[in-house]
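Trainee: I would like a close look at a single part of this model, the open sheet and what packs around it. Please go on from there to the buried residues and the cysteines.

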Amino acid sequence: MTDHKPECPIGGCEPPATIGGTRREFLGAATAAMATALTGCGTLSKEEFLQHNFRELSKQEVLDVIARLEKEYQAKYGREVKVANTPAIPGVIFGYALDLSRCIGCRRCVHACVKENNQSRDPEIQWIRVLQMDKEEGVNVQHADAYYNPEEVPQEGHFYMPVQCQQCKKPPCTKVCPVGATWRDKDGIVVVDYNWCIGCRYCMAACPYGARHFNWGEPHLPADEVNPKTHYLGNRPRPKGVVEKCTFCIQRTRNGQYPACVEICPTGSRKFGNLLDKDSEIRYILENKRVFKFKEDLNTQPNFFYFYGV
Amino acid sequence: MFTLRNFSGFLSGTLRLITKGGRLYYAWVGFLLLLIAIGAGAYIGQLKDGLIVTKMRDQVSWGFYIGNFTFLVGVAAAAIMLVIPAYIYDWEPIKEITILGEMLAISALIMCLGFVMVDIGRPDRFWHIIPLVGRLNWPQSMLAWDVIVLNLYLLLNWFVVTYLLFCAYTERHYVKKLVLPLVLLSIPMAVSIHTVTAYLYNGLAARPFWNSAILAPRFLASAFCSGPAILLILLQVLRKTTKLTIKDEAIFKVAELMAYTMGFNLFLTAAEAFKELYSGTEHMVYFQYLLFGLKGHTTLVPYAWASILCGLVAFILFLVPRTRTNWVTLNIGCVLIYASVYIEKGMGLIIPGLTPDVLGDIYVYRPSFTEIAVAAGIFAIGFLAFTLMLKAAVPMMLGEFTITKGRTPVEAPPQEI
C-alpha cells in the first residue's frame, strides 16, 4: 500500500450500491466494506481494491492503472517514477549463464540488484543469494554457507555459486499460485502482478531455488535511492504483503540492455542473451562449454545455466 | 410459506436459546469472547505492521498458522469416523452423536478458514480467490482445490445439521431420501478435504520431506485418531451436563475404531521413517532436524519425541480392552493422542518441511506472541461456534424445544453446558 491520499475510502462516504456495472464490480464493492475494516481503513483506494488481474485488463485499463501508480509514487517519493509496460519482444527467449570457475563471491551483483530493482532496504530484500561451497563437496546445498564474511574473497578451498530465479520453463511457483498472480511471460521471464498477489506464499514453498521473497513488513525505500525507470511487472516499488522476485531486470532487458548483475560483475562470470539467436554468446556457451542446471532432477527446466568457462 | 415462517421461528428460537443460559454458560462464553478480543487485538497489530510481527521469514515461509490449519482440517475430516458406523452399518447407539460430529466439523472448518485468512499477506484481496469473481487457478493449484472442497464440505455439513435440527424443531421426521445421500456424500468429501490438504504439501518436489506418496494416507490415519479423541471427551461432558443419552457402548465402539487407526498411523509413520533413515540419502536432513537436531539446532527434538511417546502410550491404552473401557485411562489416552497429533501435524510437519531451506539455510522458527495470541483467538471462535450450536441443538435433539413447546420457554429446564 502506498501513502497517497485516496479521494474516498471504500465503504465510507459512497454507498457500494451506486457502483453499478458488472457482477464482478458489484461483488467486489460488496466486499469492500469488509476489506476496509480489515486493512484498518484509509490507505486502500477503491480503484486499487477493484483492480483485476493484469492479464485481464484492457489496454485502456492498463494505462489507467499505470497513471494511478505513477501518481501514487510521485506522492510517496516526491519524484517522478515511470512505470513501463513494455511487452515481450517476439522471437526472444532470455537465457542466463553463470561461469562458476570465474565467480569470486564478491556479491557486487547482490547489491547492484537491490539498487536497480527498488528492493526494500529495511528490511533488506535480496534477490540473489551467493553460496560459498566446499570444493570437496561440490554443488551440495547442505554444505553451503550464504553468510560467509572473510576479509577477502575468494577463500581457499571454496567456490561460489550465486543463486537467483532460474526462470524455469516448467516453473513450480506459477503452477501452485491459487489466483494466477504469477506467470511465465512469452520471453521466458516469470513475473508477478504485485497488485493481484494475495500473499499466501505457496509459490515460496514450491520454489526449489529460494528465489521468491516476501514483503513481511512495509518496504522501506529511501526517496533518494529510488530507481525511477521501472516496469509494472518488474522493479516498481512493491506494497507490503506480496511476493517478489528476480525478473532478469525486465525493465532493462526488454529494452535491449543487460541485467544490472551482468553489468556490474567484475569478473565477467555472468552472461546473458537471447536463446533463440544462433549467433548469441549464450548459445555459444551452451554449445561449447560444460554446462549444468541446478537441481536438474526436479525437472523445472531452468533457462539459467551454470558453466565452467576454464 | 408455512415452512418459511416456521424457519424464521426456528431462527429466532435458536437465538433465544443461545442468549439464555446458566452462570457457567455465561462465564464460558465470556472467557471465549475475551480470548477472541485478545486475538483480534494481536491481529490488528499484524494488519498494521504486516506479517513481520510473526517469526516467519523467507526460509520458513509457513509456520504456526498453517500448522494449525492442517491439524484442524484433520479434525473436520474425522467427523466421518462417526458417520460411517452410524449410516453405513445402521448402527443405532451412535446415531444421535453423528450430528455432534458434524457440528464439530463445522467448527473446525471455521477455524481452518480463519487460519488461512490470518496467514495471507493481503487479506483485503481475499476476493481474488472466490470462483468467478476473482481468478481461481483451478485445476492447477492445489490451494484452489482446497478452497473449493473445504467450502463445499462446510456447506454440506451446515446444511445437514440445520435440516436435521429444523426437522426436530418442527416435530417432523427428516426425509431419509434427502439426508442419506448427503450424509453418504460427506464421507468421500471428508476424505477429500484432508487428501487435498495433504496434496498441498505433497505436490512440491522442492520439499522432499513432504514429497512422499504416503503423506495423504498418513494425514487421514492421524486425523482419524485426533478428531474422535476430542469427541470422546466431549460426549462424556455432554452426558454429565445435559440430558442427552449417550450409551457407553457408543463411546467404546469409537475408542475401538481409534485403536485401529492409531496402529495404522504408527505403522505409516514408521514406514516413512524407515525409508528415509535406512536409505540415508541427502533427504534425510529434514528427519534429522526433526528427530535429532542438525548442526547444533535442536529446537524441535523434544517435541518430536514427546509426540512419538504420546502416540505410543495412547495406542497401548486404546488397544487393551481394559484400559479402553476404563474412564480414567481412556481420557488420558484421548489427551495423549490429541497432543501427539497436534505436535506432529502442526509444528512437526510444516517446520521440518521447510528447514533446512532449499539452499541449505537453517532458520530456527518459533511462533511469536502475536502468532500465539491470534491462534488462541481463532480457537476461541471455533469453540464459541461449537458451544452456541450445541446450546441450541441439544434441547432440539431432546425434543424439549420444538415448534409447540418453543413458545413457552418458561417450562424449559435450565440448560448448562
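Mentor: What follows starts with the sheet and then turns to the cores, one buried polar residue and the cysteines. The model is predicted, and what I say about it should be read that way.

The sheet is open and has 4 strands, in the order β10-β2-β12-β11 of chain A, with mixed pairing. Its edges are β10 (270-274) and β11 (290-292) of chain A; each has a single partner strand, so one side of each is left without a neighbour in the sheet. On average, neighbouring strands of this sheet are turned by 30° against each other, direction ignored. Helix α9 of chain A, residues 281-288, packs on the sheet and touches β2 (94-99), β10, β11 and β12 of chain A. The direction of this helix makes about 110° with that of β10(A).

At the β11 edge, β11(A) pairs with β12(A), residues 304-308, in the antiparallel sense over 3 bridges. Within that pairing, Phe292(A) has Tyr306(A) in β12(A) as its bridge partner.

Now the cores. The largest nonpolar core has 154 residues, and Tyr153(B), Tyr201(B) and Trp210(B) have the most contacts inside it. Helix α6 of chain B, residues 142-169, gives the most to this core, with 16 residues. Trp210(B) has contacts in both chains: it touches Ala205(A) as well as chain B residues including Trp62(B), Tyr201(B), Leu215(B) and Leu354(B). Another core, of 58 residues, lies apart from the largest one, and Phe292(A) is among its residues, as are Tyr96(A), Cys103(A) and Val358(B).

A buried polar residue is found in chain B. Asn68(B) belongs to helix α3 (residues 64-77) of chain B and has a relative accessible area of 2%, so it counts as buried. Its side chain makes a polar contact with the side chain of Tyr342(B), at 2.5 Å. Beyond residues up to four places away in sequence, Asn68(B) touches Phe115(B), Ala375(B) and Phe379(B) as well as Tyr342(B).

Last, the cysteines. The count of disulfides over all chains is 0. For Cys200(A), the closest cysteine sulfur is that of Cys177(A), and because the two sulfurs are 6.1 Å apart they are too far for a bond. Cys200(A) is buried, at 10% relative accessibility. Cys112(B) is in no disulfide either, its nearest cysteine sulfur being that of Cys200(A), 16 Å away. The relative accessible area of Cys112(B) is 0%, which makes this residue buried too.

Conventions: Residues are numbered from 1 along each chain as its sequence is written. Chains are lettered from A and ligands numbered from 1 in the order in which they are written. This is a predicted model: local features need pLDDT of at least 70, side-chain atom pairs count only at pLDDT 80 or more; totals for chains, interfaces and linings use all residues. Side-chain values use heavy atoms; hydrogens and water are left out. Two strands pair if DSSP finds at least two bridges between them. Helices (H or I, at least four residues) and strands (E, at least two) are DSSP runs, numbered from the N terminus. Axes are lines fitted to C-alpha atoms, for helices over the stretch in contact, and angles run from 0 to 180 degrees between N-to-C directions. Contact means heavy atoms within 4.5 Å. Buried means under 20% relative accessible area, exposed over 50%, partly exposed in between (1.4 Å probe, protein chains only). A polar contact is a pair of N or O atoms within 3.5 Å; within protein, one must be able to donate a hydrogen and the other to accept it, and residues adjacent in sequence count only if both atoms are side-chain atoms. A disulfide is a pair of cysteine sulfur atoms within 2.5 Å. A nonpolar core is a set of buried Ala, Val, Leu, Ile, Met, Phe, Trp, Tyr and Cys residues joined through side-chain atoms within 4.5 Å.
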